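Biologist: Please take me through this model one question at a time. Keep each answer short, and end on what I asked for.

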Amino acid sequence: MRACVVGAGPGGIVAAKVLLENGFDVTVFDKYQQVGGIWSSRGCYDGLASQSALRLFEFADLPNRLHFADAAATQRYLEHYAEAFGVLNRVRPGTEVISVRPVKGPGRMGSSGWSVGSRPVGDKEAEVRRETFDYVVVASGAHHHAQLPGLPGRELFRGTVLHSDKVRAGTFTGRRVVVVGGGKSALDLVTRAAGEAASATIVQRKVNWMIPERLLLGLVGYKWILFTRLGEALLPRYHDPACVSLPDRLDERVKRVLWWLITRDMLFSTGLYRLTRELRPAHALPFHLAHAGVMPRGYARAVRRGLITAKVSAVEAYTDKGLLLPSGEEVAADVIVFATGHRRLFPFLDTSVRVHDDDGRLRLYRGIVPPGVDRLGFVGFRQVFNNIMGVELTAQWLTSHFRATLRTTPGEHEMRADTDARLAWQEQVLPGSGGYDFGPYDIHCADELLRDMGLPSRRSGNLLAEYLLPGGVAHRYAGLTRSRSGS
């Protein structure tokens, strides 16, 4: 069974590892020279660092001691993992996949396999190499197709305009920097600019919630609260009734009181309570918690000290000096950085394989497979807070799906109905998630996939540990390949 994996980031290398353990002949294509995806030296902005506390950024079978590690240390861990489990010698670095097409045959789409075309990255004149695989795993990442707003007047501004991905060492030095966006990368970059640039300004349409490294007045690491079953029980009820337990049915009035307390603590522990009201999130938690990142060290302090000018506003147009806001205010800049996210696109995938709906949302059953399409799956597009764990469990589920060993395999109609129901739930509970972001539901998402695989979702020896200790961590799921083989 020949399997092609597109991408050698965390999702790609763990998918390849699990497939190899299950007897697949695996080839991994990646456009970079290093494995690691956005963590490789050319993958994202200079200065990118992990949001993961100790024992979070790790796969189940290879523990590490990384704690809010920089990109270089994170990439070394991923490369070590790929080498330790025989994936590294399956990777074709510097190779761009330009087409993935179903090989027509009897049965449903793709039932006879896939034709994959590739060539050296950046060489459009090179001959395309075409190979046939029985299975294809798309693990190309969700952070490679930059989304830039089409503002009028670009020809007027003679400074530098770039997406956050393109920020490199020295980009900010001695210049007036304006960062547009309100997510983790925007706050990261403007905090960095505060120490390097002549001036640093952030313009954000709304203020997002950020998670402090430590909660409960700065005393307890966030994983001891947010990554527990008890913590997840406070969230709006998960969409899959089979994954809803007794604590999840806590009275909504009690939940509101607890979230009021958590909201106050978040404001204190992030330092946002010391900023003006307009620079705090407008809605109480858990609203938009899915879009939260870990608060960069020093951001709130830099705003208080005037090292960062923060504006809550849309942007309307370029001017010859910088950016124009709807209020008529002009923000002067030498460098404008748009930390405005990415589009989740698959330009290599044949147009006959439809994975988005008309609103641009991903329509994948379980966030993994397109209904009605055989032998094709996606890893890394079922986003949870601890996505390193999320992609590993996705890889396990997808391999079981390929081997037809899932406990139940619904038909195309049932898959579509289930996906419709889940998307409706996401729009209500996780607005703007695009069918991709499952936010803080790490353990519920894990339970759902384990249940499909016929494996126990309870991962510790006693009830107190199960509910009070961090459960959204990969090492609780060690040995799943052996468990599936024995089931």
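**Salt bridges, a helix and a cavity**

Biologist: Arg366 forms a salt bridge, but with which residue?

Modeller: A salt bridge puts a side-chain nitrogen of Lys or Arg within 4 Å of a carboxyl oxygen of Asp or Glu. For Arg366 the closest N and O atoms are 3.4 Å apart, and the partner is Glu448.

Biologist: How many residues apart in sequence are the parts that Arg366 and Glu448 tie together?

Modeller: Arg366 sits in the loop between strand 19 and strand 20, while Glu448 is in helix 10. Helices (H or I, at least four residues) and strands (E, at least two) are DSSP runs numbered from the N terminus. The pair therefore links parts whose separation in sequence, in residues, is 82.

Biologist: How high must pLDDT be for side-chain atom pairs to count?

Modeller: Residues are numbered from 1 along each chain as its sequence is written, and side-chain values use heavy atoms, leaving out hydrogens and water. This is a predicted model: totals for chains, interfaces and linings use all residues, local features need pLDDT of at least 70, and side-chain atom pairs count only at pLDDT 80 or more.

Biologist: Are Arg366 and Glu448 buried or exposed?

Modeller: Buried means under 20% relative accessible area, exposed means over 50%, and partly exposed lies in between (1.4 Å probe, protein chains only). Arg366 has a relative accessible area of 7%. Arg366 and Glu448 are both buried.

Biologist: How many of the eleven residues of helix 10 are buried?

Modeller: Helix 10 spans residues 442-452 and is largely enclosed by the rest of the structure. Its buried residues include Asp442, His444, Cys445, Glu448 and Asp452. Of the eleven, the buried count is ten.

Biologist: Which residue just after helix 10 takes a positive phi?

Modeller: Look right after the helix. Phi there is about 75 degrees, and the residue is Gly454.

Biologist: What is the phi of Arg366?

Modeller: Arg366 is in the loop between strand 19 (335-338) and strand 20 (376-378). Its phi is positive, although the residue is not glycine. The value is near 60 degrees.

Biologist: What is the phi of Arg375?

Modeller: Arg375 also belongs to the loop between strand 19 and strand 20. At 27% relative accessibility, it counts as partly exposed. Its phi is positive too, near 60 degrees.

Biologist: Which side chain meets that of Arg375 in a salt bridge?

Modeller: The N to O distance is 3.9 Å, and the partner of Arg375 is Asp134. Asp134 lies in the loop between strand 6 (129-133) and strand 7 (135-138), so the pair ties together parts that are 241 residues apart in sequence. Asp134 is partly exposed, at 27% relative accessible area. The side chain asked for is therefore that of Asp134.

Biologist: How far apart are the closest N and O atoms of Glu412 and Arg416?

Modeller: Being four residues apart in helix 9 (residues 412-429), Glu412 and Arg416 are separated by about one helical turn. Glu412 is partly exposed at 33%, and Arg416 is partly exposed at 33%. They form a salt bridge, with the closest N and O atoms apart by 2.9 Å.

Biologist: How many salt bridges does the count give?

Modeller: Some share partners: Arg366, Arg382, Asp418, Glu448 and Asp452 are joined into one network. The full count comes to 30.

Biologist: What is the volume of the largest cavity?

Modeller: On a 1 Å grid over the protein atoms alone, a cavity is a set of points where a 1.4 Å probe fits but cannot get out. Points join across faces, edges and corners, and the volume is the space filled by probe spheres on them. The search finds four cavities of 30 Å³ or more. The largest has a volume of about 80 Å³.

Biologist: How many charged residues are in the lining of the largest cavity?

Modeller: Lining residues have an atom within 4 Å of a point; among them are Gly182, Gln204, Met210, Leu279 and Tyr299. Ala, Val, Leu, Ile, Met, Phe, Trp, Tyr, Cys and Pro count as nonpolar, Asp, Glu, Lys and Arg as charged, and the others, including Gly, as polar. The lining has eight nonpolar residues and three polar, and the charged number none.

Biologist: Which residue follows Leu285 across a cis peptide bond?

Modeller: Omega is near 10 degrees for this bond. The second residue is found in the loop between helix 6 and strand 14 (293-294). It is Pro286.

Biologist: How far apart in space are Pro410 and Glu58?

Modeller: Pro410 lies in the loop between helix 8 (387-402) and helix 9. It is partly exposed, at 23% relative accessibility. Pro410 and Glu58 are 352 residues apart in sequence, and C-alpha to C-alpha they are apart by 32 Å.

Definitions and conventions
On a 1 Å grid over the protein atoms alone, a cavity is a set of points where a 1.4 Å probe fits but cannot get out, and a pocket is an open set with protein on both sides within 12 Å along at least five of seven lines; lining residues have an atom within 4 Å of a point.
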